[in-house]
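Here's a quick briefing to read with the model open in your viewer. Grab a coffee and follow along, topic by topic.

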Amino acid sequence: MLESDIYTVNVGPIHPSTHGGLHAEAIMDGEIIENVIVHLGYVHRSVEKIAEGKTYQQYVPYTARLDYLATNLPVLGYCQAVEKLLGIEVPERAQYIRVIMAELSRIASHQIAISATGIDLGATTGLMYGMRDRERIMNIFEMTGGQRLLSSYIRIGGVAADIPDGFIPAVMSLVQDIPGMMDEYNGLMTGNEIWAARMQGVGILTPETAIQYGVTGPNLRASGIAYDLRRAEPDGIYHRFEFDIPTRNGGDSLDRWQVRIDEIGESGRIIEQALEGMPNGEISTRVPKVLKPEPGKEVYHRIESAKGELGYYIVSDGSSKPYRLHVRAPSFINLMVLPVICRGGVFQDLITNIATLDPILGESDR
Amino acid sequence: MEPLFINLAEAFTGWMISLGLDPGWAEAVLLVVKWIIVVTIITVNIIILIWLERKVSAFFQERLGPNRLGPFGIFQTIADAIKLLTKEDIVPSAADKLIFKTAPMFFIVVAVMLYTVIPMGKGMQVINLNVGLLFFISVGSLSTIALLMAGWGSNNKWSLMGAVRSVAQMVSYAIPLAFSLLGVVMITGSLNLQDIVLAQDKWWFVILQPIAFITYFIAATAELNRGPFDMPEAEQELTGGAYTEYTGMRWALFFLAEYTNLVAVSALMATVFLGGWQGPWLPSWLWIIIKTYAIILVFFWVKWTFPRIRMDHLMSFSWKVLVPVSLGNILLTGAGIYFCRWMGWC
């Protein structure tokens with residue numbers, strides 16, 4: 001055996017495959033990874049501290065920038081947390097619109113995860129397939145909120161405006177095309193020999209490790225644990241919909257990838273049901289201009305975001321601004337498992353693992 | 001149309017002799033002119049090829065591709081070339097300057113040298129070398145040294161990793177590459193590329209040597225550093241590998257050399273397996289161009305479909321699959337030739 005020295009390679013913070021400002025310090029023995037040290041904070045914007053200086057309504061657009069790829073989900077979580085704090089009831093129609101927007105965001109986020117995995121593994125065409133389909137969701141967001149990426153369309157008490165004409169046909173045609181999209185992703189990538197060889201058995205996350213580290217979302221479900229907050233602790237009206245929780249048993253990169261593709265299909269089913277059941281009526285309750293919750297009241301609200309369990313902890317001191325706000329960011333917690341699943345793999349597996357863990361740095365650094 | 005270029009060359013030589021030049025010197029001048037033409041054609045061809053690859057990849061990915069500059073964006077590459085020429089030339093302060101600067105030049109020179117032996121038509125060749133095939137294989141594998149120079153000279157971990165990968169890959173794939181061509185050499189009994197073309201007047205060697213054709217195609221993809229074997233570059237992992245530290249025209253030279261290699265290898269494939277310049281109706285120089293471009297399009301197709309293979313899989317694929325298969329092909333060819341002679345067919 002040839003003797004070799006340990007050396008470090010800094011993957012990031014400026015690197016094509018780190019999905020933002022992630023800095024993973026890989027400690028390597030030849031091509032084998034001995035350890036990975038994750039350095040965070042390159043995208044730190046003091047989002048939690050900013051909340052203390054903003055009123056409850058003013059803070060809504062900041063939450064959209066937490067997980068900018070699934071923009072409606074963090075907004076939904078925050079609005080529901082504030083509604084819980086103040087005891088605000090949301091009208092039925094708004095609830096259905098929220099579900100549609102949330103599931104569209106989930107699909108958009110998973111499509112980015114799928115395309116980014118494609119480009120990270122060198123399948124450039126895979127990137128374009130996901131992006132092409134995501135574009136349609138962005139157009140729908142533009143219809144409702146006027147903004148494509150960061151539409152703060154969901155507001156405290158409901159949504160900002162009623163859905164425009166042409167919204168329902170656009171969503172309908174998108175939902176109908178979802179099985180075709182999934183076939184294309186599977187056909188181009190999942191079925192590919194090289195793809196399978198690069199993903200199978202790479203970055204195995206055992207269910208025990210996943211629970212120890214508090215991993216949630218598709219990453220946990222790929223390890224065989226059917227835990228989804230939409231089923232375990234349904235927020236809003238999620239208990240009315242019929243959907244399956246896709247799981248896989250291996251916990252490797254291929255399983256994480258396939259769980260995401262399957263979840264796109266399930267989200268499509270939820271949207272279909274929501275479109276059918278949507279009633280007419282108000283789109284928002286009357287919410288006072290200045291929100292003043294009871295002093296000392298605190299609330300923790302969690303939803304199933306595209307990346308996992310997204311929680312908001314808000315403490316009120318009776319003023320119009322939160323006394324303290326904390327975000328339980330799923331990406332941050334999911335990223336902590338990166339060193340564990342990378343050890344013993346080769347350098348290229350690190351890239352695969354980052355891609356399939358699908359972290360979003362806006363959320364993990366906050 | 002057929003002897004167009006040969007007539008031109010003869011007319012040029014005749015004109016020089018009529019000016020009172022010694023025939024020996026006229027030949028030498030003609031060789032220089034031939035080289036200038038080859039280099040010009042390579043450059044122009046690459047400008048078209050880069051545009052073509054962008055358009056083809058855009059077609060695969062449901063994009064439009066370049067479409068602003070000129071009809072169908074054909075002048076985009078020229079604009080890019082001007083941009084690259086005017087960019088600042090950065091040499092990292094920690095780099096080994098001599099090696100860093102010579103690596104791209106070495107790479108392009110080696111790539112251009114490959115064209116010396118390729119028959120681009122009936123009797124059209126820069127030098128009709130009797131060991132043409134051997135020359136092509138040996139010069140082709142020299143490009144590894146250029147990549148190693150770039151990786152070492154850059155003094156950057158990414159570059160060095162890319163260079164080390166490149167060396168490992170080239171050493172592993174040069175063997176099946178040479179072995180795949182050996183079957184053809186056994187049948188023709190010659191390393192001269194014109195002889196190999198002439199031997200295909202009845203049957204193309206792709207029919208007689210289908211296994212060798214496939215193994216050569218795979219090994220050539222690896223030798224060209226094209227996807228799915230683009231390990232030395234690997235933008236998403238090694239941030240550009242051996243080319244990470246290069247800017248402007250130095251980087252462009254690598255890029256040009258890669259395309260030059262692509263055309264050369266495709267032309268060799270057309271020569272050895274697809275009957276070279278032979279074909280009905282059209283002039284021979286047009287046939288080789290058509291065949292070469294057909295192979296290049298297959299290379300594009302492969303690159304824009306497959307993800308990148310992992311390094312250890314790459315190595316085991318070469319040693320465990322390609323080498324045994326190409327060795328088996330040699331055995332099969334030998335048995336076939338023996339059988340053929342025994343039956344008195346050839």
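What follows covers a helix pair, a buried helix, a chain-chain contact and a pair of domains.

Keep in mind that this is a predicted model. In chain A, the spotlight is on helix H14 (residues 347-357), whose axis comes within 9 Å of that of helix H11 (residues 253-277). Chain B splits into domain 1 (1-86) and domain 2 (93-343), and chain B also touches chain A, with 21 residues from chain B and 23 residues from chain A taking part.

**The H11(A)/H14(A) pair**

- The two axes cross at roughly 25°, an angle under 35 degrees, and H11(A) and H14(A) are therefore roughly parallel to each other.
- As for handedness, H11(A) and H14(A) make a left-handed crossing.
- On the H11(A) side, the contact is made by A:Ser253, A:Arg256 and A:Trp257, while H14(A) brings A:Thr352, A:Asn353 and A:Thr356.
- Sorted by class, the residues of this contact of H11(A) with H14(A) come out as one nonpolar, four polar and one charged.

**H14(A) and its surroundings**

- H14(A) is largely enclosed by the rest of the structure, because eleven of its eleven residues are buried.
- Among the buried residues of H14(A) are A:Phe347, A:Leu350, A:Ile351, A:Ile354 and A:Leu357, and the list also includes A:Asp349 and A:Gln348.
- A:Thr352, A:Asn353 and A:Thr356, which H14(A) brings to the contact with H11(A), are buried too.
- Right after H14(A) comes A:Asp358, and its phi is positive, near 50°.

**Where chain B meets chain A**

- The contact takes 21 residues from chain B and 23 residues from chain A.
- On the chain B side, helix H11 (235-238) and helix H14 (311-343) of chain B each supply at least two residues.
- That side of chain B is a mix of seven nonpolar, six polar and eight charged residues.

**Domains of chain B**

- The centres of domain 1 and domain 2 of chain B, taken over C-alpha atoms, are 21 Å apart.
- Across the boundary, 20 residues of domain 1 of chain B are in contact with 20 residues of domain 2 of chain B.
- Helix H1 (4-18), helix H2 (23-60) and helix H3 (76-86) of chain B each give at least two residues to the domain 1 side.
- H2(B) accounts for the largest share of that side, with 13 residues.
- By class, the domain 1 side of chain B that touches domain 2 has 15 nonpolar, two polar and three charged residues.

Conventions. Residues numbered from 1 in each chain as written. Chains lettered and ligands numbered in written order. Predicted model: local features only at pLDDT ≥ 70, side-chain atom pairs only at ≥ 80, totals over all residues. Axes fitted to C-alpha atoms, helices over the stretch in contact; angles between N-to-C directions. Helix = DSSP H or I, 4+ residues; strand = E, 2+ residues; numbered from the N terminus. Parallel < 35°, antiparallel > 145°, perpendicular 65-115°, else oblique. Left-handed = near helix turned anticlockwise from the far one by under 90°. Contact = placed C-beta atoms within 7 Å. Nonpolar A, V, L, I, M, F, W, Y, C, P; charged D, E, K, R; others polar. Buried ≥ 20, exposed ≤ 12 C-beta atoms within 10 Å, placed from the backbone. Domains from an automatic or database assignment.
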